[in-house]
Amino acid sequence: MSLGQSTLGPSWISQRVLGWIWRLEHAFERARASGRAEDDTRIRIFFVLALFSAGFLILAIGATHAALFSNAGKGDYVRPMGAARADLVDRNGQLLAADLLHYGLYIDPREIWDSQETRRALFANLPDLTPQRLERALRAGRRTYVLGGLTPELRAKVHDLGLPGVSFEPEEKRVYPLGYTAAHLIGFADTGGEGLTGAEAAFNDDIRSAAATQGSVPLSIDLRIQAALEDELYKATAQFRPKGAVGVVVNVHTGEILGLANYPTYDPNRPGEASLDARLNRAAGAIYEMGSTFKGFTVAIGLDTKVATPSSTFDATHPFQLGYRTIHDYHATHKVLTLVEVFQHSSNIGTARLATEIGVERLSSYFKAFGLTSPAKVELIESARPLTPRVWNEDAIASTSFGEGINVSPLALARAYSGLLNGGELLPLTIKKLPAGTQVHGPRVISRETALTLLQIMRANVTGGSGKSANVAGLNVGGKTGTGNKWDPAIHRYSTTRQVSSFAAVFPTDGPLEAPRYFVLVLLDEPQKDKTGLDPTGGIVAAPAVGHVIERIAPFLGVQRRAETNPFTAAVETADAGEEH
């Protein structure tokens, strides 16, 4: 350090200040010695004013320096109140979750004058305050946290009571303004600001990072689509009273989940009040035997391996004997069926015969390539592992060909079907909005030719097969019904009264493979007969709901009505053509 610099250091400043004080004190003494008391008073007043002025000047300089040159408030040093977690919004910017300013209530019993009055006033204004919690605070002997989550309005109301010993501290609270809507996809965070389920857990780090920059995290769902999906799903549950239900809408070209609904559901603002069953994300975290929806995969494999063509025939005139077991059709036709008719009639016999021609090695390897033997690839931590055959043999491929003996999550089914319907590439599913124009690619699982043919076969099933009740004029809906009896471990066989009924759909089926296309799934777990008394199969309980969903969401997706296609027209003689269990 140079000499010039050293003379400006703190010691020099302190010496100058001491010198001023010494001279002022001698000025006081001279004034008293000369008998001029008024001068002594003036000097003292001047001295006090000078000290105050210097103090204010120092504070002003310090505040200016802190505002202009300090690092406080930059980066991760200080987080603004209420921004520990960024907002979650839907793909159109609609608010799904946010941190809002709330207050925690504290009590210091050492400052309380009248305990009884404090009890009466707090209980009258805080309905969530329990007697046990308040009594613990009153006996604590120190300042204690009593209750959190008070809104600014409620805080002001209690504050205005003027209760001694009652105070408040600001705190962050995660709020879900739409309540039950999309609860399982959005998820919730704990009071410490850590995401526990859904998108809150999946994107925990991203949400925290975005909070530091006052940003938001957009999810893939469209609230308009979500509302329509939930409404139709809940209408179906009211009619058929299942123990659970799922609805999913996916953009097959990007893997974006545009809607995801579960029944029962819960309010993420109060997750502790919901049962574990209500908080279960059935779309991702539950697995089911999907029944005849698996026939779409088996038919696609038959086409892709050149084992079959749409006009190939399969003998369904009598049950199919395979080793120790006999395979029947739910609606027996007693006919030789083409591949298209096997799909339309949902023939277990025809599908099992196709599976044996494909062979054990090829069919099992395709199922693996479709992602059906592993958890659905999606950001949700709830994604469940499937239950697959221990040994892949002829019996296993015959069963799995029509959806028995293999349990997968609805999202795993949605992902696999999307890969069949987008031109043949298996993509990861995502609950995060992708930038406009994003092109997503994945491993090829079937050829483009197979994908085009499958779209036509699925369309034929809606125009003249088991999926007729899902048809929507002008939208060229295709799909496959599924009704799987549930395995009952108590009797070591499949139940005749408990089943999983579903419908897996695609729209529109016409146009080039690159055209916008969407997959829709509705599943009801153990639906009951309604007043019609009909067996609650997929074609009865799920297909109509899917049709209603598609009709409502098509305008939001920009899908225009156009001339209807009717490929592979086939006579389906059974009026109530249904799906084998």
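Author: Let's begin with a term: a residue is called buried when its relative accessible area is under 20%, and exposed when that area is over 50%, with partly exposed in between. Please keep in mind that this is a predicted model.

Reader: Thanks! Why is Glu232 called buried?

Author: Glu232 has a relative accessibility of 7%. The cut-off for buried is under 20%, so Glu232 counts as buried.

Reader: And what makes Lys235 partly exposed?

Author: Lys235 has a relative accessible area of 46%. Partly exposed lies between the 20% and 50% limits, so that is the word for Lys235.

Reader: How do you know that Glu232 and Lys235 form a salt bridge?

Author: Their N to O distance is 3.7 Å. The rule asks for a side-chain nitrogen of Lys or Arg within 4 Å of a carboxyl oxygen of Asp or Glu, so the pair qualifies. Both residues sit in helix 10 (residues 223–240), 3 residues apart, which means they are separated by about one helical turn.

Reader: Why does the pair of Glu404 and Arg325 count as a salt bridge?

Author: Their closest N and O atoms are 3.9 Å apart, and the limit is within 4 Å, so this pair counts too. Glu404 lies in the loop between helix 17 (394–401) and strand 13 (407–408), while Arg325 belongs to strand 11 (residues 325–327), so the pair ties together parts that are 79 residues apart in sequence. Both Glu404 and Arg325 are buried.

Reader: What about Arg459 and Glu564: which parts of the chain do they link?

Author: Arg459 is in helix 19 (residues 448–464) and Glu564 in the segment after helix 21 (543–557), 105 residues apart. Their closest N and O atoms are 3.3 Å apart, and they form a salt bridge. Arg459 is buried at a relative accessible area of 1%, whereas Glu564 is partly exposed at 42%.

Reader: How many salt bridges does the rule give?

Author: The count comes to 29. Some share partners: Arg85, Asp99, Arg174 and Glu200 are joined into one network.

Reader: Now the rings. Why is the aromatic pair of Tyr417 and Phe519 called stacked?

Author: The ring centres are 5.6 Å from each other and the planes are 20° apart. Rings pair if their centres lie within 6.5 Å, and planes under 30 degrees apart count as stacked, so this pair is both paired and stacked. Tyr417 is in helix 18 (residues 410–421) and Phe519 in strand 16, so the pair ties together parts that are 102 residues apart in sequence. Tyr417 has 0% relative accessibility and counts as buried, and Phe519 at 0% is buried as well. The pair belongs to a cluster of linked rings that includes Phe294, Tyr366 and Trp392.

Reader: What makes Arg143 a charge over the ring of Tyr106?

Author: Arg143 lies over the face of Tyr106, at 4.3 Å from the ring centre. The distance limit is within 6 Å, so that part of the rule is met. Lys480 also lies over a ring face, that of Phe343, at 5.6 Å from the ring centre.

Reader: Back to Phe519's strand: how do you know that strand 16 is mostly covered?

Author: In strand 16 (residues 518–525), 8 of its 8 residues are buried. On one side these are Tyr518, Val520, Val522 and Leu524, and on the other Phe519, Leu521, Leu523 and Asp525.

Reader: Which way does strand 16 run against strand 6?

Author: Strand 6 (residues 244–251) pairs with strand 16 in the antiparallel sense, over 8 bridges. Two bridges are enough for strands to pair, so the rule is met. Val248 has Leu521 as its bridge partner. Strand 15 (residues 493–507) is also antiparallel to strand 16, joined by 8 bridges, with Phe507 opposite Tyr518.

Conventions. Residues numbered from 1 in each chain as written. Predicted model: local features only at pLDDT ≥ 70, side-chain atom pairs only at ≥ 80, totals over all residues. Heavy atoms only, no water. Buried < 20%, exposed > 50% of the residue type's maximum accessible area, 1.4 Å probe, protein only. Helix = DSSP H or I, 4+ residues; strand = E, 2+ residues; numbered from the N terminus. Phe/Tyr/Trp six-rings, centres within 6.5 Å; stacked < 30°, edge-to-face > 60°. Lys NZ or Arg CZ within 6 Å of the ring centre and 35° of its normal.
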